[in-house]
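Me: Could you take a close look at one part of this model for me, the place where the protein meets the DNA? I would like a connected walk through the contacts there, and then whatever helps to set them in context.

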Number of protein chains: 2
Amino acid sequence: MVDQAKKKASKSAVTIVDVAALAGVSIKTVSRVVNSEPNVRQSTRTRVSQAISELNYRPNTAARVLSGKRFYVIGLVYENPNEFSYMKDVLNGALKACEAGGYTLLLLPLTLPNKELVSEVQIFATQSRLDGVILPAPMGDYSEINALLDELEIPFARIAPKTDIADNISVVCNDEEASYSVTKFVIEQGHTRIGFIKGDPEHGATDKRFNGYKSALKDFKLKYDSKLVCDGQFSFESGKSATRKLFKLTDRPTAIIASNDDMAAGTIYEAHERGLNVPNDLSVIGFDDTPIASQIWPPLTTVRQPIMEMAESATTLLIRKLRGENIELPDEPFKCSVVTRASTMHR
Amino acid sequence: MVDQAKKKASKSAVTIVDVAALAGVSIKTVSRVVNSEPNVRQSTRTRVSQAISELNYRPNTAARVLSGKRFYVIGLVYENPNEFSYMKDVLNGALKACEAGGYTLLLLPLTLPNKELVSEVQIFATQSRLDGVILPAPMGDYSEINALLDELEIPFARIAPKTDIADNISVVCNDEEASYSVTKFVIEQGHTRIGFIKGDPEHGATDKRFNGYKSALKDFKLKYDSKLVCDGQFSFESGKSATRKLFKLTDRPTAIIASNDDMAAGTIYEAHERGLNVPNDLSVIGFDDTPIASQIWPPLTTVRQPIMEMAESATTLLIRKLRGENIELPDEPFKCSVVTRASTMHR
DNA sequence: TCTCTTTTTGACAGCGCTGTCATTTGAGCA
DNA sequence: TGCTCAAATGACAGCGCTGTCAAAAAGAGA
């Protein structure tokens, strides 16, 4: 088994010529079958397919790239985060779809803010010869990047973008609805003063989560109080400082919803610092269900997003687009779910 | 600028022929310069180099791969972890080195334990046509994988392996020394009953960290007590259950050293569950300085490893080996450092 | 100066595949 | 049966580079 692999990896790799000989057709016909091109008789197709699997033939990517117009490469352009769990899911989803589709995934981690943003992406796209690009939030909302890719005629797919672009591939989840649910949950626990820490305004999820919070307050007849809302950046530190502000209020909130788990961890940190007991003195809610949510004490009530599935779906759609298939963009957003843990309790 | 890039990406990309024409030499000579081959007169080399930068020429990888014997691809084979921070550093380091060396990095995330381990790696290595492989712990210690790669004649580099292999590239850090330092630190804080939670026995760091603990106890005349030592798996859950065991001891430890931060987070979790105050009632120490170390409360005293630098170094060495350069393996291990935070205090 | 050796340079085939275009096949129909 | 025309198949060039080997240039020695 190992010998066989070795043979294939070195000299006598199976080529299209071998397959053609075994199937008794020309190499062009084999090429047609491999690429699912039309105008091949069913019987021929079957014969070639058999030869392919008999010889365990794999097309040589370098040769395909050299002679054809495609590169079989998809780039993943992302903000290199401190806390990688979101990107880990994106990565795994994209990797899975690429493997299934016969594409290679190339990574471009970027630091934000970044003045060279466009030129970095440009160099990446041209030098790495990309067919398509995946843009997870917040990369999907830089119009310069979108414009660049349009100009280079490189299709791209966005994960959880903020804005819509006509005819473009993007996958989203029902953030607003999920935020509504979790806010409703907190209200039903008897809380009336509910703090909210917003996320990075560049992210599409930020507004949606905030809107869900506001709708729930409204539906349950709680007055919206802007003093209870603080800006954040999705970082642990920003969660801490927003929480400090909320704690300074004379009538401080009895529950705080942070727009992601890292910020919620910051809230819990500050509560501990002040000797407040979570959840007795303060309920805390996060978003994303990252590992930290279950590893801090008390474990966080949070909202789980199916990031990996979203990334896989976006990548698969992109690949199908690259293949020239007719794709229909998903009409239903992906579903989030509330995960109830010990950081919340009834008042 | 964008137009130029577009041009290059599509039809009229600059090829070796253009460079040869501008420099007034044959394409073979350009090829020699590009590949730093010998037997090119210095004046010729300069002229060609100028033409290359003037035209901003980049060799077409597909063509190189097709005609040559190299693939310009390095594979990163890793255990797909729950907590990605270690792998994030490995990834960034490897990516950086690959970019600098003109190689492409391909990922193979694996789930362990895995019966198909060898065949998965084999398929990856042969189908993706790898020149070399990076094996971060614990992947470097599977002898079947090492044997497979040897048989396929694919060089590999290991990060923090457990065992030595003659003549093989590997980078390590001074884990034992660092563990000794941190244990010494705890002893100097006045603790005499110091618990220790071991890591996954597959990892090279596990024994080293344990040995450092034992040496420090010995040097400071504290009796080694096997009841104070528990097995763990580097996971949060294993940290929790090891801690529960330690808490059941009649004379429970006043400090617990966990072999990584996730397990230390488990220890803190259990302490909170029992109403113990960290650090007043229990000092807790971790290893690795992952994000969670600074985001839980209280933040963890831990040991920082320069993983990214190690990965970059391993990858660079591998690339130089692939280029046929004479490499000397580093004789000095990388240095870890103790990061003191609020989870420890004097008794 | 000439010859012999070493260094430097170049001509050319060919890697494995796809795109183009020509040719063959066979189905449908008069 | 022969004819037409679309469908199916094949021949072949060529993508951009490297490996091989031959040729030219430059030194070295006498």
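Reply:

**Where protein meets DNA**

Happy to. In this predicted model, let us begin with a base contact: an N or O atom in the side chain of Arg32(B) sits 2.7 Å from a base oxygen of DNA strand C. Another base oxygen contact involves Ser67(B), where a backbone N or O atom lies 3.4 Å from a base oxygen of DNA strand C. The elements giving two or more residues to the surface near this strand are α3 (27–34) and α5 (61–67) of chain A, together with α3 (27–34) and α5 (61–67) of chain B.

Ser67(A) contributes too: a polar atom of its side chain is 2.6 Å from a sugar or linking oxygen of DNA strand C. Ser67(A) is also among the residues that come nearest to the strand, along with Ile16(A), Ser31(A), Tyr57(A) and Thr44(B), out of 26 residues around it. If you count the atoms of DNA strand C within 4 Å of the protein, 66% belong to sugar or phosphate and the rest to bases. By class, the protein surface here has eleven polar, eight nonpolar and seven charged residues.

Now for DNA strand D. Of the 26 residues around this strand, Thr44(A), Ile16(B), Ser31(B), Tyr57(B) and Ser67(B) come nearest. Sugar and phosphate make up 66% of the atoms of DNA strand D that come within 4 Å of the protein. Ser67(B), already met at a base of DNA strand C, has a side-chain N or O atom 2.6 Å from a sugar or linking oxygen of DNA strand D. Two phosphate contacts are worth a look: a polar backbone atom of Ser26(A) is 2.8 Å from a phosphate oxygen of DNA strand D, and a side-chain N or O atom of Asn35(B) is 2.9 Å from a phosphate oxygen of the strand. For the surface near DNA strand D, α3 and α5 of chain A and α3 and α5 of chain B each supply at least two residues. Its residues divide into eight nonpolar, eleven polar and seven charged.

Both chains take part in these surfaces, and the two chains also touch each other, with 51 residues from chain A and 51 residues from chain B in the contact. About 4600 Å² is buried between chain A and chain B, and carbon and sulfur atoms give 61% of that area. The count of salt bridges between the chains is zero, while eight residue pairs are in polar contact, both residues being at pLDDT 80 or more. On the side of chain A that touches chain B, α5 is one of the elements supplying at least two residues, and others include α1 (2–9), α6 (85–101), β2 (104–110) and α7 (117–127). That side has 29 nonpolar, twelve polar and ten charged residues.

To place this within the chain, the domain assignment of chain A gives domain 1 (2–59), domain 2 (73–173 + 307–334) and domain 3 (175–305). The C-alpha centres of domain 1 and domain 2 of chain A lie 32 Å apart.

Finally, some backbone geometry in chain B you may want to check. Most peptide bonds are trans, and most residues other than glycine have a negative phi. The bond from Ala137(B) to Pro138(B) is cis, with omega near 5°, and Pro138(B) is found in the loop between β3 (132–136) and α8 (143–151). Phe234(B) is not a glycine, yet has a positive phi of about 75°; Phe234(B) lies in the loop between β7 (229–230) and α11 (236–248).

Technical notes: Residues are numbered from 1 along each chain as its sequence is written. Chains are lettered from A and ligands numbered from 1 in the order in which they are written. This is a predicted model: local features need pLDDT of at least 70, side-chain atom pairs count only at pLDDT 80 or more; totals for chains, interfaces and linings use all residues. Side-chain values use heavy atoms; hydrogens and water are left out. A residue is near a molecule or strand if one of its heavy atoms lies within 4 Å of it. A polar contact is a pair of N or O atoms within 3.5 Å; within protein, one must be able to donate a hydrogen and the other to accept it, and residues adjacent in sequence count only if both atoms are side-chain atoms. Helices (H or I, at least four residues) and strands (E, at least two) are DSSP runs, numbered from the N terminus. Ala, Val, Leu, Ile, Met, Phe, Trp, Tyr, Cys and Pro count as nonpolar, Asp, Glu, Lys and Arg as charged, and the others, Gly among them, as polar. Contact means heavy atoms within 4.5 Å. Buried area is the accessible area (1.4 Å probe) that two parts lose on being put together, summed over both. A salt bridge is a side-chain nitrogen of Lys or Arg within 4 Å of a carboxyl oxygen of Asp or Glu. Domain bounds come from an automatic or database domain assignment.
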